Amino acid sequence: MKILVTAKRVEDPESKIKVKPDGSGIVQEGLKYKINPFDEIGVEEGLRLVAKHGGEVVVVSIGGKEVQEQLRHALAMGATRAVWVNHTGPLDQMGVAGLLQKVAEKEKPDLVILGKQAIDDDQNQVGQYLAEFLGWGQATFASKVESLESEQEKNKVPALTVGADNKSVRVVREVDNGLATLECTLPAVVTTDLRLNLPRYASLPGIMKAKSKPIEELTPQKLGVDVTPKVQVLKMASPPPRKAGIKVPDVATLVDKLRNEAKAV
């Protein structure tokens, strides 16, 4: 199998995010960056599928030269090679999906795995757009029945089930009232949820091997994609500060405050 996975560069969630005074964006000085956690789960699932069925995992990221750090991280985990779409300007979700569409048409993977959302903007749109642009089936919010403490997880058993003929994939996905199971004809697009797997750590040998693995550079121009944003962020604002909590002497006072001040009961 050939599996194409994404590796978006996002702000480390442990970083303290500050909005610029003019609301034009966030203050980037001093921030740390990492691979989007949902994408890292996608890389892990791709590696498990390839370990079982054979093939290769190709990782792709869009951005300036700095995204090579995230690509090298995925390569150190075990991905075979990487594709870097060199673009430093603004992008909306349709632009990202358009670029990934062209990469997928070039690579011709059996399966594309993306994180269900990126933790920087929380849009949860690219996977759906990509499936529509490609005309492929899709299964979003991929999860599994087994817990992350199960024997299957310890043995790194893939949660996505590929049919014996390699022409379909079965996906357990989270829905509001439980789990649903879908089967998609390959090629297909799958987006990952947090409970799909626990990504492996990059080993020292893996980190050393990643330095020599190939990264192919592309651009929107080479791919023939107009990435002019159709959606623009006009302004950002910090959420209002939360009021400090208080201690109450007894349950009666708590109930009174919940009823008369918070209007919660």
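This is a short conversation about how to read some features of a predicted protein model.

Visitor: Hello! Where should I begin, and what is the protein built from?

Guide: Welcome! Start with the helices and strands: the protein has eight helices and twelve strands. Keep in mind that the model is predicted. Along the principal axes, its C-alpha atoms fill a box of roughly 65 × 45 × 40 Å.

Visitor: What share of the 265 residues is buried?

Guide: Buried residues make up 43% of the 265. A residue counts as buried when its relative accessible area is under 20%, and as exposed when that value is over 50%.

Visitor: Now the helices. At what angle do helix 1 and helix 2 cross?

Guide: To read a crossing, compare the directions of two helix axes. Helix 1 covers residues 37-53 and helix 2 covers residues 68-77; their axes come within 10 Å and cross at roughly 30°. That makes the two helices, helix 1 and helix 2, roughly parallel. Their crossing is right-handed.

Visitor: And how are helix 3 and helix 4 placed relative to each other?

Guide: Try the reasoning on this pair. The axes of helix 3 and helix 4 (residues 126-134) are 8 Å apart, and the helices pack at an angle of about 50°. Helix 3 and helix 4 are therefore oblique to each other. Helix 3 passes helix 4 in a right-handed crossing.

Visitor: I have heard of salt bridges. What is the idea, and how many are counted here?

Guide: The general idea is that side chains of opposite charge can pair when their charged atoms come close. Here a side-chain nitrogen of Lys or Arg has to be within 4 Å of a carboxyl oxygen of Asp or Glu. The count comes to 20 salt bridges.

Visitor: Which residue does E69 pair with?

Guide: E69 forms a salt bridge with R9, and their closest N and O atoms are 3.3 Å apart. The pair links distant parts of the chain, since E69 is in helix 2 and R9 is in strand 2 (residues 9-11), 60 residues apart.

Visitor: Which parts of the chain does the pair K106 and E216 tie together?

Guide: First look at the contact itself: the side chains of K106 and E216 meet in a salt bridge, at 2.9 Å from N to O. K106 lies in helix 3 (residues 93-107) and E216 in strand 12 (residues 215-218), so this pair ties together parts that are 110 residues apart in sequence. K106 is partly exposed, with a relative accessible area of 42%, and E216 is partly exposed too, at 29%.

Visitor: Could you show me a pair that links two strands?

Guide: Find E183 and R170, a salt bridge whose closest N and O atoms are 2.9 Å apart. E183 sits in strand 10 (residues 178-185) and R170 in strand 9 (residues 168-175), so the pair ties together parts that are 13 residues apart in sequence. E183 is exposed, with a relative accessible area of 52%, whereas R170 is partly exposed at 44%. Salt bridges can also share partners: in this way K2, E56, R81, K106, E107 and E216 are joined into one network.

Visitor: Let's turn to the surface. Which residues make the nonpolar patch?

Guide: V251, L254, V255, L258 and V265 make a nonpolar surface patch of about 410 Å². V251 lies in helix 8 (residues 251-260), and L254 is found in helix 8 as well. With 60% relative accessibility, V251 counts as exposed, while L254, at 39%, counts as partly exposed. For a sense of distance, the C-alpha atoms of L254 and N86 are separated by 56 Å.

Visitor: Which peptide bond is cis?

Guide: Look at the bond from L186 to P187, which is cis, with omega near 5°. P187 lies in the loop between strand 10 and strand 11 (188-192).

Visitor: And what is notable about the phi angle of K108?

Guide: K108 has a positive phi of about 55° although it is not a glycine. K108 is found in the loop between helix 3 and strand 6 (111-115), and counts as exposed at 63% relative accessibility. N124, also not a glycine, has a positive phi of about 55°. Its place is in the loop between strand 6 and helix 4, and at 24% relative accessibility N124 counts as partly exposed.

Conventions
Residues numbered from 1 in each chain as written. Predicted model: local features only at pLDDT ≥ 70, side-chain atom pairs only at ≥ 80, totals over all residues. Heavy atoms only, no water. Patch = residues over 30% accessible without salt bridge, like charges linked within 9 Å, V, L, I, M, F, W, Y side chains within 5 Å. Areas by Shrake-Rupley, 256 points an atom, 1.4 Å probe, with all protein chains shown as cover. Helix = DSSP H or I, 4+ residues; strand = E, 2+ residues; numbered from the N terminus. Buried < 20%, exposed > 50% of the residue type's maximum accessible area, 1.4 Å probe, protein only. Axes fitted to C-alpha atoms, helices over the stretch in contact; angles between N-to-C directions. Parallel < 35°, antiparallel > 145°, perpendicular 65-115°, else oblique. Left-handed = near helix turned anticlockwise from the far one by under 90°.
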